[in-house]
Amino acid sequence: METIQLAGADRTPTILFDFGRNHFSLAGESYPEDVSAFYGGLLSQLTKHLDSLQGADICFEFQFIYFNSSTAKVVMRLFETLEQAAQNGNRVVVNWYHEEDDDNMREMGEEFAEDLQAAQFNLLAKQG
Amino acid sequence: MADSPLFDQEEQLLQRYQQALDQLEALREGTLQRADLQALTGPLQEMLQDHKRVLRQSARLVKLGDIQQEKIIKANKALAKSRQLLEQQNMELRAAAELREDVDRIMRHDLKTPLNAIIGFSSLLLESLTDATQVKMCKTLLDSGYTLLSMVNLSLDLYKMERGAYLFRPDVVNILPLLHKIEEANRDLLRSRKLEVTIMLDGRPPESMESFAVLGEELLCFSLLGNLIRNAIEASPRGERVGISLSSGPLAEITIHNQGSVPEAIRERFFEKYVTAGKQSGTGLGTYSARLMAETQNGSMHMETSDEQGTTVTIRMPPA
């Protein structure tokens, strides 16, 4: 599967889905006008790819500054998919970044991570 | 909701509920055997688990929504606070600027009254003095009084120019004698810094009695060139040359060049008020007032500077 790389825009985040290296990241702000149209294709490609893996090292990085409630639903689905991949025998690392003084973003990371069991979750504070 | 891939899990659950209902209906109508009821239990238990999961997710989404809302509220509060602070600072800055202008204006007017006494009485005194030393001292006093008066008057004129209230009275002004006067006034500084001033007219040294005339006011031309040439002398590295070139054309062009460069920090704001760098007694008014005077006389001014080429200030004015 080819790498997907999208530059961040006004309402959408910077996206890097490197299927070759199994390295994925979402960064910036996310409040697209149509969340399903924006994330729908990405979600199904990712799910299809992760379902095909076994014994792989997978890393997903979230570096959000702000996201809306519809995006929260997408993130929830991503966490489910990643947990499933971990339960299928892959080594999955989820890194959740937040600004050092952004307690809310940290709290949201913790909330999302609650259902993760097989996947490894890291909360990382960005310096400065 | 049905078209959204984000809600496909919920959609599937609804469909499964519908199927279960259909089967119960079939049982009631007798088209389904009681024994088949057993087959319904397993799927219903799965649906219950899925439903619980969906409800848990919904609760979590509500909680996440609350956290996001809190984040927005915090950001809004911080924004309102900084806006308030900014408004306060703006108000203070405006008040300070008004106060400064008031003080400036009052100072200019108030300076003229005691100057009348200095100039008037020293003139009277001069008439009655006979001792040569005392006459010389009194003349210096009178000259200084007049210099101060013309400075105060120019300062009042600049104030009017800033507000567009200056009444411009153009006349034919020969620039060459003004340049010589300025060079003369700066002779000591030129000597101490081992600098040389060269004046060129259309690419050659001007002949005596030759003229380079513009349409302006003599005092304004004298002041603006005086400021710029003084700046060039002060900024020039020792032992170098300050070059002044006059070029005729559709617009009379005067360029003043020195080998020093304008500090990076003020290049963009060279002609702005109160901008100065690296000078002990700089007020930041020299180049600002020079441009104001050029523009008042329907002229223009610009500056180019680099470490390699030095600094060139160009003044363009309507020719006479």
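How many salt bridges does the rule find across the interface of chain A and chain B? In this predicted model, the rule finds eight salt bridges across that interface. One of the side-chain pairs that meet in a salt bridge is B:Arg60 with A:Asp115, at 3.3 Å from N to O. Polar contacts are also found here, with 15 residue pairs across the interface of chain A and chain B, both members at pLDDT 80 or more.

Several elements of chain A contribute to this surface. Those giving two or more residues to the side that touches chain B are helix H1 (35–51), strand S4 (57–67), helix H2 (69–87) and helix H3 (103–113) of chain A. Of these, H2(A) gives the most, with eight residues. Sorted by class, the side of chain A that touches chain B has 11 nonpolar, six polar and eight charged residues. In terms of contacts, 25 residues of chain A meet 21 residues of chain B.

The size of an interface is often given as the accessible area lost when the parts come together. For chain A and chain B, the buried area is about 2100 Å², and 54% of it lies on carbon and sulfur atoms. On the chain A side, A:Lys73, A:Asn104 and A:Glu111 supply 31% of the area buried against chain B, more than any other three residues.

Turning to chain A on its own, the secondary structure consists of three helices and six strands. Along the sequence these elements follow the pattern β-β-β-α-β-α-β-α-β. Of the 128 residues in chain A, 51% are buried. Among contacts in chain A between residues at least 6 apart in sequence, 66% join residues at least 24 apart.

A:Ile15 offers a view of the interior of chain A. This residue is placed in strand S2 (residues 14–18) of chain A. A:Ile15 counts as buried because its relative accessible area is 0%, where the cut-off for buried is under 20%. Leaving out residues up to four places away in sequence, A:Ile15 touches A:Ile4, A:Gln5, A:Leu6, A:Ser25, A:Leu26, A:Phe38 and A:Leu42. A:Phe62 lies 47 residues from A:Ile15 in sequence, and their C-alpha atoms are 9.9 Å apart in space.

The loop between S2 and strand S3 (23–30) of chain A holds A:Asn22. The phi of A:Asn22 is near 55°, a positive value in a residue other than glycine. With a relative accessibility of 9%, A:Asn22 counts as buried.

Chain B has a comparable backbone feature to inspect in B:Met209, whose phi is near 70°, again a positive value in a residue other than glycine. B:Met209 sits in the loop between strand S2 (196–201) and S3 of chain B. At 83% relative accessibility, B:Met209 counts as exposed.

Strand S3 (residues 213–216) of chain B shows an alternation of side chains. In a regular strand the side chains alternate between the two faces of the sheet. In S3(B), B:Val214 and B:Gly216 point to one face and are buried, while B:Ala213 and B:Leu215 point to the other and are not. S3(B) runs antiparallel to strand S1 (residues 171–174) of chain B, and four bridges join the two. Within this pair, B:Asn174 stands opposite B:Ala213.

Strand S5 (residues 252–258) of chain B contains B:Thr255. B:Thr255 is buried, at a relative accessible area of 16%. Apart from its neighbours within four places in sequence, B:Thr255 is in contact with B:Gly243, B:Ile244, B:Ser245, B:Thr312, B:Val313 and B:Thr314.

Helix H7 (residues 286–296) of chain B is largely enclosed by the rest of the structure, because eight of its 11 residues are buried. The buried residues of H7(B) are B:Thr287, B:Tyr288, B:Ser289, B:Ala290, B:Leu292, B:Met293, B:Ala294 and B:Thr296. Their cover includes helix H3 (132–162), helix H6 (218–235), strand S6 (300–306) and strand S7 (310–317) of chain B. Just after H7(B), B:Asn298 takes a positive phi of about 60°.

Conventions
Residues are numbered from 1 along each chain as its sequence is written. Chains are lettered from A and ligands numbered from 1 in the order in which they are written. Side-chain values use heavy atoms; hydrogens and water are left out. Buried means under 20% relative accessible area, exposed over 50%, partly exposed in between (1.4 Å probe, protein chains only). Two strands pair if DSSP finds at least two bridges between them. Contact means heavy atoms within 4.5 Å. Buried area is the accessible area (1.4 Å probe) that two parts lose on being put together, summed over both. A salt bridge is a side-chain nitrogen of Lys or Arg within 4 Å of a carboxyl oxygen of Asp or Glu. A polar contact is a pair of N or O atoms within 3.5 Å; within protein, one must be able to donate a hydrogen and the other to accept it, and residues adjacent in sequence count only if both atoms are side-chain atoms. Ala, Val, Leu, Ile, Met, Phe, Trp, Tyr, Cys and Pro count as nonpolar, Asp, Glu, Lys and Arg as charged, and the others, Gly among them, as polar.
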